[in-house]
Amino acid sequence: MTFNKKSIEDVQLNGKRVLIRCDFNVPIVDGKITDENRLLGALDTIKYAYKNGGKVILCSHLGKVKGPDKSMSLKIVASRLSELLGVNVEFLQSDLVVDDDVRRKVGEMNNGDIALLENTRFRAEEGKCEDGFSKDLASICDIFVNDAFGTAHRAHCSTVGVAKFVDTAVCGFLIQKELGFLGGAIENPKKPFLAVLGGAKVSDKINVINNLLDKVDTLVIGGGMAYTFLKAQGYSVGISLVEEDKLEYAKDMLNKAKEKNVSLLLPIDHVIADKFSNDATRRVTNDENIEDGFMGLDIGEKTSKLFGDALKNAKTIIWNGPMGVFEFSNFNKGTMEVAKAMAESDATTIIGGGDSAAAVNILGFGDKMTHISTGGGASLELLEGKVLPGIDILNNK
Ligand code: AMP
């Protein structure tokens, strides 16, 4: 997949109907938006489009509905966006998302006007990428702009289908940034390139490990997934999280690292607990081995130093998955130390969304990273080397 995609800056917007697929999937509690980061993130692309004379039509999904559902209407988002932008965002209410009335209203828009369609998931075809709804969306625009990275790994009508029926399909600033940092790191990283993987399970990251071993100079593995690798090497891991059916896979990956000359670093000591609880009896091991009846819930100090030293030498660092159970204050130190080492590093530092993004923000290092991806699933699929359909469909430069 090429990451060299045309962006909104590469096309003439004046007088054109510009449909922007945003990610307005915000949490709403008691009729109030409780976290508006996604709205704030979308503003640059929207402002650019209307200031350059586009007739701007916004769309997004909200929640997991598969048909019309008033409680999942985007109306509230239109009001809040109007406040944030300081210009009116007209809400085009329709259970069909696009109908004749919506077409008529879009036809009456002036350059610089902004409108928001109803939740795209009000149309059951959305998730199946069926042509009917895709053509409906295409019928109200001249240019399609995808700026929803978090759903770029899903082929839906509003992310992929619509682009099949318009000549011009480009990315917005959010996706452009994701492609620049994440795509850039995968395609053409400054070396040494180091990846840190953690989190609960090996099985969630099988393809990520395999793909990254073809690209990185150093692979650091911590968190729950490390114990399967340690057990595969013959260490005792007590009652730590282990996926027995992935022991062979772990051995294969250890061999692949050797063949590829990749330095694969695993924990050399652990903070262990007698139960999965913040109040558990806590001990620190001397080495890789964990005694019977105990489980590893964090990396130890020696490991933090080992990982930290490796991070210091890197020029590009990608991190996905915490080093321990960071939600428990007694077991968050390893994750904190890695976040700190990344924050202090001169390397390009990229956080691959999901739990690691949450961990970095909770621990207060968010603003010290070069880039925090907005798409957990999408960034993981990029790291797996997969093609993201919502990006692949966009016009190449
Ligand atoms: P993931 O979504 O795969 O990145 O996994 C994140 C989850 O892994 C977090 O909720 C962590 O609490 C959990 N985790 C990290 N280390 C461990 C561990 N040693 N044992 C059990 N769970 C862990």
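Tutor: Two strands pair if DSSP finds at least two bridges between them. Keep that in mind as we look at this model, which is a predicted one.

Student: What makes strand E9 and strand E15 a pair?

Tutor: Strand E9 (residues 193-197) and strand E15 (residues 316-320) are joined by 5 bridges. The cut-off is at least two, so E9 and E15 count as paired. The two strands run parallel. One of the bridge partners is Asn320 in E15, matched with Leu197.

Student: Why is one side of E11 and of E17 left without a neighbour in the sheet?

Tutor: Begin with the strand order, E11-E10-E9-E15-E16-E17, in an open sheet of 6 strands with parallel pairing. Strand E11 (263-265) and E17 are at its edges with a single partner strand each, so one side of each has no neighbour in the sheet. In general, strands pair through backbone hydrogen bonds.

Student: What is unusual about the peptide bond between Lys191 and Pro192?

Tutor: Most peptide bonds are trans. The bond joining Lys191 and Pro192 is cis, with omega about -5°. Pro192 sits in the loop between H6 and E9.

Student: And what makes Cys129 stand out?

Tutor: Most residues other than glycine have a negative phi. Cys129 is not a glycine, yet its phi is positive, about 55°. You will find Cys129 in the loop between strand E6 (114-117) and helix H4 (131-139).

Student: How do you know where the largest pocket lies with respect to domain 1 and domain 2?

Tutor: The chain is divided into domain 1 (8-173) and domain 2 (181-383), and their C-alpha centres are 37 Å apart. Both domains give residues to the lining of the largest pocket, so the pocket lies between them.

Student: Which residues are closest to the centre of that pocket?

Tutor: The volume of the largest pocket is about 970 Å³. Of its 38 lining residues, Asp23, Arg38, Ser373, Thr374 and Gly375 are closest to the centre. H1 gives the largest share of the lining, with 5 residues. By class, the lining has 11 nonpolar, 18 polar and 9 charged residues. Gly counts as polar, so Gly375 belongs to the polar class.

Student: Why is the pair formed by Glu327 and the ligand called a polar contact?

Tutor: An N or O atom in the side chain of Glu327 is 2.5 Å from an oxygen atom of the ligand. The cut-off for such a pair is within 3.5 Å, so this is a polar contact. A polar side-chain atom of Lys205 is 3.2 Å from a ligand oxygen atom, and a polar backbone atom of Gly224 is 3.1 Å from a ligand nitrogen atom. These two pairs also fall within 3.5 Å, so they are polar contacts too.

Student: How many residues surround the ligand?

Tutor: There are 16, and the closest are Ala200, Gly224, Gly296, Glu327 and Asp355.

Methods
Residues are numbered from 1 along each chain as its sequence is written. This is a predicted model: local features need pLDDT of at least 70, side-chain atom pairs count only at pLDDT 80 or more; totals for chains, interfaces and linings use all residues. Side-chain values use heavy atoms; hydrogens and water are left out. Domain bounds come from an automatic or database domain assignment. On a 1 Å grid over the protein atoms alone, a cavity is a set of points where a 1.4 Å probe fits but cannot get out, and a pocket is an open set with protein on both sides within 12 Å along at least five of seven lines; lining residues have an atom within 4 Å of a point. Grid points are joined across faces, edges and corners, and a volume is the space filled by probe spheres set on the points. Helices (H or I, at least four residues) and strands (E, at least two) are DSSP runs, numbered from the N terminus. A residue is near a molecule or strand if one of its heavy atoms lies within 4 Å of it. A polar contact is a pair of N or O atoms within 3.5 Å; within protein, one must be able to donate a hydrogen and the other to accept it, and residues adjacent in sequence count only if both atoms are side-chain atoms.
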